[in-house]
Amino acid sequence: MSGYAELARMAFGAVTTQILHAAVRLGLPEALRCAPAPLDRLARDLGADPGTLARLLAALTALGVTAQPRPGHYTLTDLGQPLRADHPRSMRSGLLLLGDGAVWQAWGTLADSVRTGATAFDQVHGRPLFDHLAADPALARIFNTAMREGTEPVAADLAAAVDLTGARTVVDVGGGDGTLLAALLAALPRAHGILLDTAAGAADSARTLRGVADRCTVETGDFFTAVPSGDLMTLKGILHDWDDERCALILRACRTAIEPGGRLLVLEPVLPSRQAVMSDIAMLVYTGGRERDGREYRRLLSEAGFELCGVSRPLGGTQVRALIAKPA
């Protein structure tokens, strides 16, 4: 691919995002999950205009997401399978979130954020992302599911990458629906778990944690002020949402509550990986937070009374790593 062609592919990436978003929003991946389906039946089942649906399917076929094994019949390719809600590595909710109008509007003001340093989402909608989610239950459900989708491969790999031997009480700080905590308790059959989040953040936790419900509790609270006591604490995708001052509050709350000899696992993409660089821009748009490199995490942890002891390999096919810290 020539340099110009590669740049053009980048420049028009937003078109690809919206094509995929439209397919997911219409329910097309689920409609194509089995045998090849004829266009007229797809249009009827999805409530779509046959002519415009054919145009969308042509675009998806050009992208390699769908195929046309015979004229007028379509199927989902291997590449397109993760668009299904029931795929083990589903990205359906991630696409629904990225293509949502409120999120899309915020991305449209990235240049203003670069000029001013202000968070794009706050400027467009007049309130922070998490306040917006609290007022929009439908978008909050999409957001929470997208967070679960991103957590599942990391959670499945963490126990193999980090020695968790001896952990008795696992506290997942800001743990959402409990995906990470459920995986850790499965790997630690004698441990007890505590999930801490807001009521909205933990809304789906009962379903996720039902397999370990006899060994865990869910607490609602504010991780800026206090967290439950435990000897293994996890912060996955939390610190990158906030500036250094707010991170310091979270880490100090963890330091106050962690038991002697305990461990804190900070799970984030670490700069300068490509995923971290791109996520850093997303934080500018969404929350006003940022991604950080190893030295910055070491400093934040040290100032809160922790010592950074190690950094894991990338987890679950992502660029998320576990930064392992102990009380100093």
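## Helix H2 and its surroundings

The buried residues of H2 are covered by elements that include helix H3 (28–31), helix H5 (50–63), helix H6 (92–99) and helix H7 (101–107), where contact means heavy atoms within 4.5 Å and where helices (H or I, at least four residues) and strands (E, at least two) are DSSP runs numbered from the N terminus. The residues of H2 that count as buried are Thr17, Ile19, Leu20, His21, Ala23 and Val24; buried means under 20% relative accessible area, exposed over 50%, and partly exposed in between, with a 1.4 Å probe and protein chains only. The model is a predicted one, in which local features need pLDDT of at least 70 and side-chain atom pairs count only at pLDDT 80 or more, whereas totals for chains, interfaces and linings use all residues. Residues are numbered from 1 along each chain as its sequence is written, and side-chain values use heavy atoms, with hydrogens and water left out.

The 14 residues of H2 should span 20 Å at 1.5 Å a residue, and its end C-alpha atoms are indeed 20 Å apart; the expected span of a helix is 1.5 Å times one less than its number of residues. Just after H2, glycine 27 takes a positive phi of about 85°. On the other side of this helix, phenylalanine 12 sits in the loop between helix H1 (3–11) and helix H2 (13–26), and phenylalanine 12 counts as exposed because its relative accessibility is 55%.

## Annotated domains

UniProt, in an unreviewed entry, places the feature "domain: O-methyltransferase dimerisation" at residues 10–81, and a second feature, "domain: O-methyltransferase C-terminal", also from an unreviewed entry, at residues 107–307. UniProt positions are given in the numbering used here, feature names are shortened, and annotations may be inferred rather than shown by experiment. In the model, the span 10–81 is 58% helix and 15% strand, with its end C-alpha atoms 23 Å apart, while residues 107–307 are 48% helix and 20% strand, with end C-alpha atoms that lie 36 Å apart.

Glycine 72 lies in the loop between strand E2 (66–70) and strand E3 (73–76), and glycine 72 is partly exposed because its relative accessible area is 28%. Neighbours within four places in sequence aside, glycine 72 is in contact with Ala37, Pro38 and Leu39; the C-alpha atoms of glycine 72 and alanine 37 are 8.3 Å apart in space, although the two are 35 residues apart in sequence.

## Helix H11 and its kink

Helix H11 (residues 137–161) has 25 residues and reaches 35 Å from its first C-alpha to its last, close to the 36 Å expected at 1.5 Å a residue. A kink of about 35° lies at threonine 151 in H11, shortly before proline 153; the bend at a residue is the angle between axes fitted to the seven residues ending there and the seven starting there.

Glutamate 149 also belongs to helix H11 and is buried, with a relative accessible area of 10%. Residues up to four places away in sequence not counted, glutamate 149 touches Ser90, Met91, Arg92, Ser93 and Gly94, and 12 Å separates its C-alpha atom from that of leucine 96, 53 residues apart from it along the chain.

## Histidine 240 and serine 205

The UniProt annotation "active site", from an unreviewed entry, covers His240, which is placed in the loop between strand E7 (230–236) and helix H14 (244–257). Histidine 240 is buried, with a relative accessible area of 11%, and, residues up to four places away in sequence not counted, histidine 240 touches Glu268, Ser279, Met283, Thr287, Gly289, Arg290, Glu291 and Arg292.

Serine 205 lies in helix H13 (residues 205–208) and is buried at a relative accessible area of 5%. Leaving aside neighbours within four places in sequence, serine 205 is in contact with Gly176, Asp177, Leu195 and Val218; serine 205 and glycine 176 are 29 residues apart in sequence and 7.0 Å apart in space, C-alpha to C-alpha.

## A cis peptide bond

The peptide bond from leucine 271 to proline 272 is cis, with omega near 10°, and proline 272 is found in the loop between strand E8 (258–271) and helix H15 (274–286).
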